[in-house]
Amino acid sequence: MENQDFKKELLDYLYDEMTSGERTAFEVKMEQDQALRKEYEALKQVKSQLGELHDKDVMEPFPVWSNPAAANRRNVKNRKEIIWLRPVTAVAASLLILMFVGYLTNFSVSITSQGWHVGYGAIATDKEIKNRGDEIKELVAQSIEQNNKLLLAKIGASDSSFQSRFAALENNVAKELASNKAKAVDANDLKNFLAELETKNSEMWKGYLKLTSIQQQEYFKTMLTQFNDYMQEQRNEDLTRIQNNLVELKETQTIQKQETDQVLTNLLATINYRSNK
Amino acid sequence: MAEVLENIAIYHSRSLIEKSQKGDEHAYGKLVGLWYKRIYNFSLKYFGDHDLAMEVTQQTFIVVFQKISTLRDIDQFRFWLYKITLNHCREEDRRHNRKKWYSIFVQDDGSMPESRIGNPEVEYQKKEKAAMIAELLKRLPDEQKTVMIMKEFEGMKFREIADVLNISENTAKSRLYYGLKALKNLLEKSELNYKI
C-alpha cells in the first residue's frame, strides 16, 4: 500500500462505485499487493456482517403531523406522567356514560323480599306485585271465557252450513243416477263405432307404410349417387397416377439412352486413341 | 418483490410531494406511508432503540409537513428528509446524553435473551448476531456510524452522503473506512465466536 489513496479506491471497489476500467486496474493492483488484498478481504467480511442487520417492519401511527401539539404529547416524559391518568379517565368516562344512559332508560336497582332487582323503570312493591298478579289472573280468565264464546258461535255456524251443503250434494247425486239409468247403451252403435275405428286405423297404417317406403327409396338413391361419385373420383386418381408413372418411365428411358450414347462415345474414343497409338 | 416495488414508489413520489407542498394532507399521508419504514429503520440503526426511533420518525414527519412547502427542488426531497432525520437523531441523542443503550437486547415481550453461547438454533443465532451488530454499531462515533448507515443500509452514493452531511466525498469515504475498521475491531473483541 504505497499511498493513502488506497482507502478511497478500496471503498469505491467495495461498494461498486468504479468504472470497469478502474475495477480491472484495482484488481491488478491487489494481485501485486497482498497487504491491500488482505485489507479488502477484511472490510468485505465486516460488510457482510453488517448485512445480517435487516430492516424491521413498522406501522406508521395515526397521522398527527398536522397537529404538532398532539404529537408533542408523545414525548417520553409527558407520556410517563399521563400514563396513569389514562385508565382513571377511561373508568370515569365509562361511569358517566353508564349513569347518563341509566337516567335516560330509567334504570333502577332495588331490594325486595324476593331479592335484588335490576331493571328498567320503577320497581313494584310486594303489595303491588300481589295486586298485579290477581289482576292478571282475572284478565286471563275473562280472555279465555270470551274466546270460548266466540269459538262456540263459530262451530254452530259451521255446522249448519255443512248440513245444508251435504243435503244439496246428496240431492244432486240422486238426480244424476236417475238420468243415467234412462240412457241404455245400444249394441249396434257400439258395433258401428268399433268398425269405424278399425277403418281409420287401417288407413293410417297404410299411409305410414307408404311414406316410409318413399323415404327409403330416396335414401337408397342418394347413397347410390354418392357411391358412384366416389368410384369416379377413385378412377380419376388412378388414371392420373398411371399417367404420371408413364411420364416418369419415359424420362428414365431418355436418361438411360443418353447414358448409353455417352458410354459408347467414350468407348469409341478409347479404341481410336489406342489404334492411333 | 414487495420491497422492490416499495423502493420504486419511493423514488417516484414526485406528485405526492407536489400535492403535499400545496397542503394536501391525504397526499402527505401517502408520502409518509412510503417513507416511514425507511426513516424508522434509519433511526433504529442510529439509536438501537425502538421508542427513540419512533419518536424521531414522528418528529421528522411533523417537521417535514411544516416545511415541505419551502423545499424548492423536489429531486432533493430524499436528501432533505435524511438531513432532517439526522438532525433529529442528533438532537435526541444530545437530550438523552448518550444513555447506556440496552433496549436492543430486550425482546418484544420485555424479557432478556438467553445466553448467547452454545445455542444450537440457527434462527436464534441469527437474531443474536443481528442484535450484536446493532449494539456494536451504536458504539461507533456518530460521524462514522451515520456514514455507515447511509451507505450500507440506505444505499446512498458517496456523493449523496457528502451532500447530506455537507462534507467532501473523500471525508465520507475516510469516515466509512475508519468506521469499518473500528467495527472489525469491536467484532473481534466481542464475546461471540465470529472470526473476522
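How are H3(B) and H7(B) oriented to each other? The two helices are oblique (neither under 35 degrees, roughly parallel, nor over 145, roughly antiparallel, nor 65 to 115, roughly perpendicular). Their axes come within 10 Å and cross at roughly 140°. Axes here are lines fitted to C-alpha atoms, for helices over the stretch in contact, and angles run from 0 to 180 degrees between N-to-C directions. The crossing of H3(B) and H7(B) is right-handed, that is, the near helix is turned clockwise from the far one by less than a right angle. H3(B) contributes B:Asn41, B:Phe42, B:Lys45 and B:Tyr46 to the contact, and H7(B) contributes B:Lys145, B:Ile149 and B:Phe153. Contact requires C-beta atoms, placed from the backbone, within 7 Å. The residues of this contact divide into 4 nonpolar, 1 polar and 2 charged. Ala, Val, Leu, Ile, Met, Phe, Trp, Tyr, Cys and Pro count as nonpolar, Asp, Glu, Lys and Arg as charged, and the others, Gly among them, as polar.

The model is predicted; local features need pLDDT of at least 70 and side-chain atom pairs pLDDT 80 or more, while totals for chains, interfaces and linings use all residues. Residues are numbered from 1 along each chain as its sequence is written, and chains are lettered from A and ligands numbered from 1 in the order in which they are written.

H3(B) also serves the interface between the chains. There, 37 residues of chain B are in contact with 27 residues of chain A. Helices H3 (25–47), H4 (50–67), H6 (122–138), H7 (142–153) and H9 (169–189) of chain B each give two or more residues to this side. H3(B) gives the most, with 11 residues. The chain B side holds 19 nonpolar, 6 polar and 12 charged residues.

H9(B) has 21 residues and reaches 30 Å from its first C-alpha to its last. This is close to the 30 Å expected at 1.5 Å a residue, taken over one less than the number of residues. Buried residues of H9(B) include B:Leu176, B:Tyr177 and B:Leu180. A residue is buried if 20 or more other C-beta atoms lie within 10 Å of its own, exposed if 12 or fewer, and partly exposed in between.

In the loop between H8 (158–165) and H9 of chain B lies B:Asn166. Its phi is near 60°, a positive value in a residue other than glycine. B:Asn166 counts as exposed because it has 8 C-beta neighbours inside 10 Å.

Chain A comes to 8 helices and 2 strands. Helices (H or I, at least four residues) and strands (E, at least two) are DSSP runs, numbered from the N terminus.

Methods. Two residues are in contact if their C-beta atoms, placed from the backbone, lie within 7 Å.
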